[in-house]
Every structure is written in structure tokens, then in C-alpha cells.
Amino acid sequence: MQTSQAVQIANLGFPRIGRQRELKFALERYWRGEITQLELARVAKVLRSTHWEWQAKAGVELLPVGDFAYYDQVLTLSATLNVIPDRHRGEAQEGSVDLDTLFRVARGRAPTGEDAPASEMTKFFNTNYHYIVPELKAEQTFTIAYEQIFDEVCEAQALGYRAKPVLLGPVSYLYLAKAVGSEFNKLTLLPDLLKAYGAILARFVAQGVEWVQLEEPVLALELDSDWQEAIAVTYAALQDAGIKILLASYYGTIAHHQSLVSALPVAGLHLDLVTAPEQLADFAAHLQEEQVLSLGVINGRNVWAADIDSIAQRIKPVVNDLKGRVWIAPSCSLLHSPVDLDVEDELAPALRQQLSFAKQKLSELTQLKTLLTTDQSFGTKAEADAIRAACIARRNARAEAADKRVQERVAALSPADYERDSEFAARQVRQQQKYRLPLLPTTTIGSFPQTPAIRGLRSRWRRGEISETFYKDQLRQVTKDTVDRQLKLGIDVLVHGEAERNDMVEYFGEQLQGVGFTKFGWVQSYGSRCVKPPLIYGDLSRPGAMTVDWARYAQSLTDRPVKGMLTGPVTILHWSFAREDISREQIATQIGLAIRDEVIDLQNAGIGIIQIDEPAFREGLPLKRSEWDTYLQWAVDAFKLSAAGVSDETQIHTHMCYSEFNETIEAIAAMDADVITIETSRSRMEQLTAFEDFEYPNEIGPGVYDIHSPNTPTVDEMVTLIEKAADKIPVRQLWVNPDCGLKTRTWEEVEPALQNLVQATKELRRRLG
């Protein structure tokens with residue numbers, strides 16, 4: 001008979017920011033020079049110790065180590081491998097790499113303190129987590145240059161824990177990297193990279209480590225034969241390293257690579273059974289002798305409590321068949337989840353019972369083990385009954401959130417609801433006649449600096465320390481100041497600055513029915529940037545206007561057009577924790593209708609230019625290209641639904657950032673926005689290669705100011721970028737703008753940069769006009 005050890009609780013990774021965002025605040029204090037690196041390291045050490053303790057108490061036997069990063073885990077791996085751009089390294093080209101080196105790569109600094117372009121940043125697969133893209137040269141070599149992961153193994157072991165180091169696998173690392181300099185095949189670097197990985201594993205062996213977790217999320221993609229061969233070569237080369245390898249993949253099914261993966265000489269395999277539960281049977285049937293199968297059954301990317309009873313029933317046959325070779329785990333790292341539900345003291349009980357954050361997901365694994373092994377003395381029957389009763393209560397609570405009025409409105413939609421009255425060419429003529437904008441019109445993306453004074457004002461208002469009247473009066477002064485600054489700079493199409501908004505998604509979620517909020521449900525986006533996603537728990541609707549008063553006020557201050565600023569349905573969906581009982585397409589359609597109502601109200605209030613931001617448009621793409629068309633169809637439809645209710649004279653903008661536009665350019669064109677602004681400055685306009693082979697029909701604003709770096713771009717640098725854009729796109733279609741919103745920057749950074757942007761535009765108008 002099996003024992004209670006027939007099932008082992010495992011974890012792939014844990015959030016690093018802390019339940020009160022301790023890491024965020026320590027990082028920002030360090031960057032401002034207010035604390036030392038030693039003090040920053042102390043904060044990090046306390047967080048790691050706390051999180052390891054929580055995992056150990058939940059029954060995790062092999063604690064993930066290396067999931068902690070001061071910026072992002074890909075950048076940490078680049079530092080470990082000595083993959084540092086020369087501009088960030090300094091004079092000693094082969095010198096050691098330290099924490100400040102990582103920050104220079106991410107934030108754009110040279111060792112001398114001068115500006116040096118930051119490395120490109122983009123989304124990690126189909127998540128809202130960002131990573132710094134490794135830059136690889138044809139002559140690249142790899143050596144161990146940064147000790148963080150080894151130090152953390154020692155740290156965990158000193159606390160009495162069994163450490164399981166976590167690393168992005170060699171093939172995924174190469175896949176995510178960028179070739180710089182001369183063109184070459186990145187896979188030619190694999191042999192030398194494998195030597196470096198071998199050296200890393202040897203270090204782990206010397207430290208007494210038994211298991212290492214190598215993550216290959218590229219397996220969820222449709223890899224060509226060369227990349228498949230790279231997977232086979234990699235794990236054949238590493239099989240004699242003297243350490244057990246858990247090969248982990250996540251974010252999608254890897255069943256299309258089943259024969260390849262099942263033949264790999266690894267000690268264990270982790271499957272994401274949340275996104276693809278159907279792949280379990282095939283991999284279980286082909287499991288090698290003594291190989292461990294890690295079942296990722298708890299959703300690492302959402303906050304809804306798992307139906308433990310249903311999961312137990314589904315996987316119990318496999319648990320029984322594999323006799324002690326099963327681990328139960330989250331689907332992926334818990335990095336994408338808020339830290340701890342225990343600190344949420346203002347949630348309605350009906351909503352709270354449906355939630356599970358990272359710490360609670362560990363408890364869910366303990367509960368799941370109870371249901372799987374109650375008959376083997378792990379947990380009692382009473383505990384099992386209580387778990388099942390809680391699952392039933394959650395199902396009933398979800399059913400009570402239905403809104404028939406919303407469902408009937410969605411059902412009544414017709415094809416005409418998704419289309420503008422006229423084609424773009426006709427709209428463009430009417431818009432040019434109305435606004436009479438100059439060649440290369442200048443604008444910004446929406447937000448302006450959220451200063452400490454603004455944030456403090458909002459906090460005081462939320463705590464009830466100041467009246468709503470006083471709060472709004474102060475924000476009107478900020479809005480007027482923002483408009484005045486733009487007028488002084490000479491910006492052509494203004495924004496009101498969004499001083500009243502806490503977050504581009506949260507602000508709208510707070511005004512929609514069917515959405516809930518937490519106080520501390522933060523997740524990391526990149527570096528110190530954290531977001532607090534809304535909780536979409538029911539059918540969505542808009543009780544009343546959300547932005548009209550602020551837009552009308554800002555427009556009253558000037559004769560120049562002021563954009564109405566909205567967040568689009570696809571981005572609200574992807575940047576929320578969305579319910580799981582209906583399709584994401586249905587949720588996007590509901591949001592699209594709510595935004596449509598707001599767009600119409602803005603037009604009726606005299607706002608003639610309206611921007612509907614969709615920075616998360618590409619984020620929802622399935623990892624397999626063969627599944628893209630279905631997603632792109634409903635994502636485009638949701639945007640068009642939100643924008644199609646206005647007249648031809650109303651100019652609809654959208655904004656996208658950190659997207660590979662080449663791969664989705666036809667869908668982006670199908671959105672039929674009159675103007676699209678995009679992030680392109682970090683890539684030095686490389687993103688615009690999509691427009692060489694595709695004649696984009698509408699107007700476009702490629703970003704010329706990297707707002708994620710504190711650097712101030714010069715006039716000459718911006719002129720060069722605009723000229724590069726004009727080589728690919730007719731100048732009459734071009735706008736000039738920053739990459740993204742400016743809320744994270746200071747006025748001291750923003751005004752000189754925008755002054756240079758306007759000056760660069762004037763220079764180009766003289767040359768090209």
C-alpha cells in the first residue's frame with residue numbers, strides 16, 4: 001500500500017516583492033541613493049527567508065531558489081552567464097558583474113554615470129511580466145560572472161532547507177535573446193552555452209544540491225526542427241551532470257512535442273495542467289521508469305480558489321498508477337499572483353471566499369494532498385469533507401454574479417455594431433478638415449508624472465482625511481498645470497494627464513459593475529513596477545460616465561484638441577484577474593460595450609479625439625501560432641465594438657507597447673484605429689520592419705522617447721529615429737510621441753525630453769515639409 005509520501009508537494013517559484021511591496025520600495029530608495037546596497041540586500045534576505053518559511057510550512061520539500069530577482073530573472077541569468085552589453089560593462093570588458101551592472105543594463109547607464117541606451121524590454125511569453133532581452137554577439141562566450149544564485153543556495157541551506165535551484169533553460173534563454181551586430185544563427189552559440197550550464201550545475205553539485213529546475217517554456221511554442229533538435233542536444237549534454245533535472249514548461253500545452261519531451265533523459269517533468277489538462281494522459285502513459293511527473297494543477301496566474309475536489313478526482317487515477325512518482329504543484333511560478341490574502345481585511349466575505357493568493361495556493365496544495373491521501377493517514381475525513389463543502393460554496397457564489405441585462409445586450413449585437421460609418425480614407429479627410437494639424441503632429445500617450453504630492457493627496461482622500469470637493473479642486477489645479485505645460489512646450493494634441501487615476505486598468509475597474517478590488521493584491525510587472533489587477537467576478541456593465549467630467553474640464557482650458565483617454569477592452573481583460581466560468585471572448589465583449597458607451601459620451605461632450613489604449617493586445621496571443629486567428633478575431637472585434645459608435649469626424653487613437661508588431665500587423669490594421677502609437681525607441685525603430693512589407697493604411701506614431709529609462713534623449717537622437725520611421729512610413733502618416741505614458745517619470749525628466757521632442761519635430765518639418 002502507498003504511504004502519505006505517494007504525493008509530494010512542489011512549487012516552481014514564489015513572488016519576490018513582499019506582501020507590502022517591500023522590495024519595490026527598497027529598490028527605489030536604493031536608486032535614489034537613500035540606502036546602501038547592503039541595506040537593499042538585507043530587505044531581500046528577509047523576504048526570501050519569509051517566503052521559504054511559508055513554503056516549508058505548507059509541505060514543500062524542495063524549496064525553489066533562484067526565483068528571486070532584483071529586476072527580472074532573465075536579466076539575473078544574463079549576469080550569471082556574463083552576457084552584459086559593452087556599453088554597460090565599463091572599461092574592464094571581462095570584469096566582474098555586480099548588482100549595479102544589472103541596474104545599468106535595465107535602466108540605461110554607463111559605468112561612468114553617463115546615459116547608455118537600456119537593453120530592450122518585452123513581455124515574457126503571454127504574460128504581463130517583462131524581461132530585459134539578452135544581447136548576444138556572434139562571438140559571444142559564456143562564463144560564470146555573477147554569484148547570486150549560488151549565494152542563495154547557501155542561504156537556504158543554512159536555514160535548514162533543501163534547495164532546488166531554478167533556472168531558465170538554455171534553449172529558452174537563446175530563444176528569448178536578441179542577436180546584435182552581424183546577423184547569425186543564435187543556435188550556433190548553444191555548445192558554448194551548454195558548457196556554461198554544465199559549470200553551473202557542477203557548482204550546484206558541489207553545494208550538495210539534489211534537484212535543479214530547468215524551465216523551457218519554449219516547448220509550448222510550435223518549434224521548428226532546429227529548435228527541437230536543440231532541446232534534444234541540450235538535455236543529452238546535461239544528463240551526466242550528476243544532478244536530477246526537473247524539466248518544467250508552462251503557459252500552454254506541450255503535447256505537440258510529446259515524443260521529443262518523453263524521450264529526454266531528465267529525472268522529472270512538470271506539466272501545466274491548468275491551461276492544458278488534456279495532455280496529462282499522454283505524458284503519464286509515456287513516463288520513463290523512475291521519472292517523476294509534476295502536475296501543475298493549481299493556477300499560478302489567477303486568484304480564484306481552485307476546485308480542489310474536482311482536481312483530486314481528475315488526477316487520482318494517475319497518482320495511483322504512478323505509485324509515489326507524482327508531485328503536485330502550481331501550473332507555473334506564483335510570481336504572477338499576489339502574495340498573501342491574509343492582509344486583505346476589507347473584502348466582502350462572498351468575494352473573499354473565492355480568492356487564493358500565492359501563500360494560500362500553497363495551502364491548496366496541502367488540501368489537495370489531503371483529498372488524495374486521506375485513506376493513507378494524511379488528513380482526516382472531517383478535513384476532507386470541509387474542503388469539499390468550501391468548493392460547493394464557491395460554485396454557488398459564482399452563479400449569483402450573473403446579470404441578465406448584460407447577457408441580453410451581448411446576444412443582440414449585430415455585425416453593424418462593429419464597423420465605423422465610413423472607410424478610413426473618408427474619415428481622414430473629415431478629420432484633417434476639422435483639426436488642421438501640422439505635418440508630424442506631436443502628442444503624448446496619456447499620463448503625466450504621478451508626483452508624491454498627487455499620490456499623497458489620493459491617499460488622504462481615500463482615508464477620509466480630506467473631502468471629495470477639496471480633492472477634486474486640487475486635481476483640477478494639477479490638470480490645468482499639466483495642460484499649461486503642454487501648451488508652453490508646443491504639443492499639438494494634448495492630454496489631461498490622468499492625475500485622478502491610480503492605474504490605467506484599476507481606475508476603470510472601480511467604476512464598472514462586476515469588478516472587485518484588493519488593497520494589497522500587487523504583482524510585479526518589471527523591476528520595481530507593480531500593478532494591482534482588478535478582480536472580474538461577474539457580468540460587466542458601466543453604471544455611468546467614467547471620464548467625461550475630467551476630459552470636458554481639460555478641453556475647456558484650451559482651443560487645442562485634448563484627447564479623451566480610455567483603456568481598451570482587451571487590456572482591461574488581460575490586466576485583470578478574470579473569472580474562469582465564461583470565455584475570455586465573452587468578457588472582452590462585455591467590456592467593449594461598456595467602453596463604447598463611454599466613447600459615445602465623450603464625443604457628445606465635445607471631445608473629438610479619443611484614445612483607447614490596447615498595450616496588452618498581443619499579450620493574449622496563444623503560444624501556438626496555429627491558434628492565433630481565433631484570438632485575434634475576437635480581440636479585434638472587441639476593440640472595434642468599443643470604437644465604432646462615433647461619427648467620422650471623431651478621431652480614434654490606440655496605443656500599443658512591447659509588442660512584436662511584425663507578427664500581428666494585419667490584425668492591428670484590422671482594428672481600424674485612425675491613429676496608432678507604438679513603442680519603438682528601445683529597438684531603434686526595428687519594430688517598424690513590419691511596415692516594409694505591409695502597407696499600413698492609417699496613421700501611426702512610433703515612439704521616439706524611451707520613458708522607462710531616466711535618460712533624456714537629445715534632439716539629434718530623436719531626429720534620427722523620426723528619419724528612420726520616415727524611411728518606412730509615408731511622412732504624411734506619421735505622428736511624433738513618446739513610447740508610453742509618463743506617470744513613472746518626474747517633471748524634471750519629462751519636460752526636457754518633450755522639449756527636445758518638439759524641437760526635433762520642428763527640425764524635421766523644415767526638412768520634409
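Here is a short tour of the chain, stop by stop, with something to select at each one.

**Before you click**

This is a predicted model, in which local features need pLDDT of at least 70 and side-chain atom pairs count only at pLDDT 80 or more, while totals for chains, interfaces and linings use all residues. Residues are numbered from 1 along each chain as its sequence is written, and side-chain values use heavy atoms, with hydrogens and water left out.

**Stop 1: the whole chain**

Start zoomed out, with the protein chain as a cartoon. The chain has 28 helices and 22 strands; these are DSSP runs, numbered from the N terminus, with helices being H or I of at least four residues and strands being E of at least two. Along the principal axes, the C-alpha atoms fill a box of roughly 80 × 65 × 50 Å. The radius of gyration is 26 Å, which agrees with the value near 27 Å for a compact globule of 769 residues. That radius is taken over C-alpha atoms, and the globule rule is 2.2 Å times the number of residues to the power 0.38.

Of the 769 residues, 61% count as buried. Buried means under 20% relative accessible area, exposed means over 50%, and partly exposed is in between, using a 1.4 Å probe and protein chains only. Next, take contacts, meaning heavy atoms within 4.5 Å. Among those between residues at least 6 apart in sequence, 77% join residues at least 24 apart.

**Stop 2: Arg21 and helix 1**

Select Arg21, in the loop between strand 1 (7-9) and helix 1. Arg21 has a positive phi, near 60°, in a residue other than glycine. Is Arg21 buried or exposed? Arg21 is buried, with a relative accessible area of 17%.

Move on to helix 1 (residues 22-31), whose buried residues are Leu23, Lys24, Ala26, Leu27, Glu28 and Tyr30. What covers the buried residues of helix 1? The cover includes helix 2 (37-57), helix 5 (99-107) and strand 15 (529-531). Just after helix 1, look for Gly33, which takes a positive phi of about 80°.

**Stop 3: helix 5**

Now select helix 5. Seven of its nine residues are buried, so helix 5 is largely enclosed by the rest of the structure. Show side chains for the buried ones: Leu99, Thr101, Leu102, Phe103, Arg104, Val105 and Ala106. They pack against helix 1, helix 2, helix 3 (73-80), helix 4 (86-89) and strand 4 (130-132).

**Stop 4: Leu293**

Jump to strand 11 (residues 292-298) and pick Leu293. Leu293 is buried, with a relative accessible area of 0%. Leaving aside neighbours within four places in sequence, Leu293 is in contact with Leu269, Leu271, Leu280, Ala284, Leu287, Leu322, Arg325, Val326 and Trp327. Try a distance label to Trp327: the two residues are 34 apart along the chain, and their C-alpha atoms are separated by 6.2 Å.

**Stop 5: the cysteines**

How many disulfides does the model have? The count comes to zero, where a disulfide is a pair of cysteine sulfur atoms within 2.5 Å. Select Cys332, which counts as buried at 1% relative accessibility. The closest cysteine sulfur to that of Cys332 is in Cys530, 17 Å away and too far for a bond. Cys154, at 42% relative accessibility, counts as partly exposed.

**Stop 6: Ser576**

Find Ser576 in the loop between helix 22 (569-574) and strand 18 (577-578). Ser576 is buried, with a relative accessible area of 8%. Apart from neighbours within four places in sequence, Ser576 is in contact with Val505, Pro533, Pro534 and Ile536.

**Stop 7: helices 19 and 28**

Finish with helix 19 (residues 468-489) and helix 28 (residues 747-768), whose axes come within 10 Å and cross at roughly 35°. Axes are lines fitted to C-alpha atoms, for helices over the stretch in contact, and angles run from 0 to 180 degrees between N-to-C directions. Helix 19 passes helix 28 in a right-handed crossing, meaning that the near helix is turned clockwise from the far one by less than a right angle.

Which residues make the contact? Show Thr482, Arg485 and Leu489 of helix 19, with Trp747, Glu751, Leu754, Gln755 and Val758 of helix 28.

One last click: Glu498, in the loop between helix 19 and helix 20 (506-509). Glu498 has a positive phi near 60° and counts as buried at 10% relative accessibility.
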